[in-house]
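Welcome! Below are some short exercises, each followed by a worked solution. Keep the sequence and the 3D view at hand as you go.

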Amino acid sequence: MKRRDVLKAAAWGGAFAMLGPGLARAELYYPSKVEKDLWQGINRVKNPAEETTLEKLHSPVISVPDKIEAGKAFPVQIDIGKIPHPMGPSHWIEHLQLNIGNEPAGTTIFRSHGYCNAAASFNTVLGDTLRGKTVSLIVQIKCNMHGIWQNSVNVAIV
């Protein structure tokens, strides 16, 4: 056997010896598997009258005032789920994005350390050109295990 082949075999053996236990430890720390069918597209609540637990955990809840005045700031409060979403090392919300129509209006990025509640607040201003129109506020979130979830609310501008 050539010296080069011996060194290659030793290197590969060492790599497997190091990675094997590491992969086993990864299963201990990240025991939950990603649900692949939820990564096929954008997820939404299918039946608002009968939400599943998964939908209650992931669908963004958007709170806005009943009356929006053009040119004046108004608050948009976004909570992730009717049941607070976990924010631990194996399951968390990665980010949240608020769109006005198809235009991005704000983004919040979360960390998986578990120190925060997955929620965001934005102060938003819609210009005078939108007076008398209805605008959609669309929120998308990304869960590291359950994909992208979306919800929207239509607001009338006075």
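## Exercise 1: A salt bridge between strands

E94 and K142 are joined by a salt bridge, with 3.1 Å between the closest N and O atoms. Please keep in mind that this is a predicted model. Find the strand of each partner, and say what the pair ties together.

**Solution.**

Step 1. Locate the partners: E94 belongs to strand β4 (residues 93–100), and K142 belongs to strand β7 (residues 134–143).

Step 2. Look at the sequence separation. Because the two residues sit in these two strands, the pair ties together parts that are 48 residues apart in sequence.

Step 3. Check the exposure. E94 has a relative accessible area of 23%, so it is partly exposed. K142 is partly exposed too, with a relative accessible area of 23%.

Step 4. Look at how the strands pair: β4 and β7 are antiparallel and share seven bridges. In β7, K142 is the residue opposite H95.

## Exercise 2: Other salt bridges

How many salt bridges does the structure hold? Describe the one between E69 and K72, and the one between R131 and D128.

**Solution.**

Step 1. The structure has four salt bridges, including the E94 and K142 pair.

Step 2. E69 and K72 meet through their side chains, at 3.4 Å from N to O. With a relative accessibility of 37%, E69 is partly exposed; K72 is also partly exposed, at 49%.

Step 3. For R131 and D128, the closest N and O atoms are 2.8 Å apart. R131 is partly exposed, with a relative accessible area of 47%.

## Exercise 3: Laying out the sheet

In what order do the five strands of the open sheet come? Name its edge strands as well.

**Solution.**

Step 1. Start with the whole chain, which contains two helices and eight strands. Read from the N terminus, its elements follow the pattern α-β-α-β-β-β-β-β-β-β.

Step 2. Five strands form the open sheet, in the order β1-β8-β7-β4-β5, with mixed pairing.

Step 3. The edges are β1 (42–43) and β5, each of which pairs on one side only.

Step 4. Take the β1 edge. β1 and β8 run parallel and are joined by two bridges; here N43 lies opposite W149 in β8.

Step 5. Take the β5 edge. β4 and β5 are antiparallel, with six bridges, and I100 lies opposite E103 in β5. The hairpin of these strands has two residues between them, and G101 takes a positive phi near 65° there.

## Exercise 4: Buried or exposed?

Are I109 and N99 buried or exposed? Use the cut-offs of under 20% relative accessible area for buried and over 50% for exposed.

**Solution.**

Step 1. I109 lies in strand β5 (residues 103–109). Its relative accessible area is 69%, so I109 is exposed.

Step 2. Look at what surrounds I109. Leaving aside residues up to four places away in sequence, I109 touches E94 and H95. From the C-alpha atom of I109 to that of A120, eleven residues apart along the chain, the separation is 9.7 Å.

Step 3. N99 is part of strand β4. Its relative accessible area is 13%, so N99 is buried.

Step 4. The side chain of N99 makes a polar contact of 2.9 Å with that of Q97. Apart from residues up to four places away in sequence, N99 touches P104, A105, S136, L137 and I138.

Step 5. For the chain as a whole, 31% of the 158 residues are buried.

## Exercise 5: The largest nonpolar core

Which residues have the most contacts inside the largest nonpolar core? Which strand gives the most to this core?

**Solution.**

Step 1. The largest nonpolar core numbers 28 residues, and I93 and L96 have the most contacts inside it.

Step 2. At least two residues of this core come from each of β3 (73–80), β4, β6 (119–125), β7 and β8 (147–156). β7 gives the most, with five residues.

Step 3. Now examine L96. Not counting residues up to four places away in sequence, L96 touches a list of residues that includes I78, I80, F110, A120, F122, V139 and I141.

How values were computed. Residues are numbered from 1 along each chain as its sequence is written. This is a predicted model: local features need pLDDT of at least 70, side-chain atom pairs count only at pLDDT 80 or more; totals for chains, interfaces and linings use all residues. Side-chain values use heavy atoms; hydrogens and water are left out. Helices (H or I, at least four residues) and strands (E, at least two) are DSSP runs, numbered from the N terminus. Buried means under 20% relative accessible area, exposed over 50%, partly exposed in between (1.4 Å probe, protein chains only). Contact means heavy atoms within 4.5 Å. A nonpolar core is a set of buried Ala, Val, Leu, Ile, Met, Phe, Trp, Tyr and Cys residues joined through side-chain atoms within 4.5 Å. A polar contact is a pair of N or O atoms within 3.5 Å; within protein, one must be able to donate a hydrogen and the other to accept it, and residues adjacent in sequence count only if both atoms are side-chain atoms. Two strands pair if DSSP finds at least two bridges between them.
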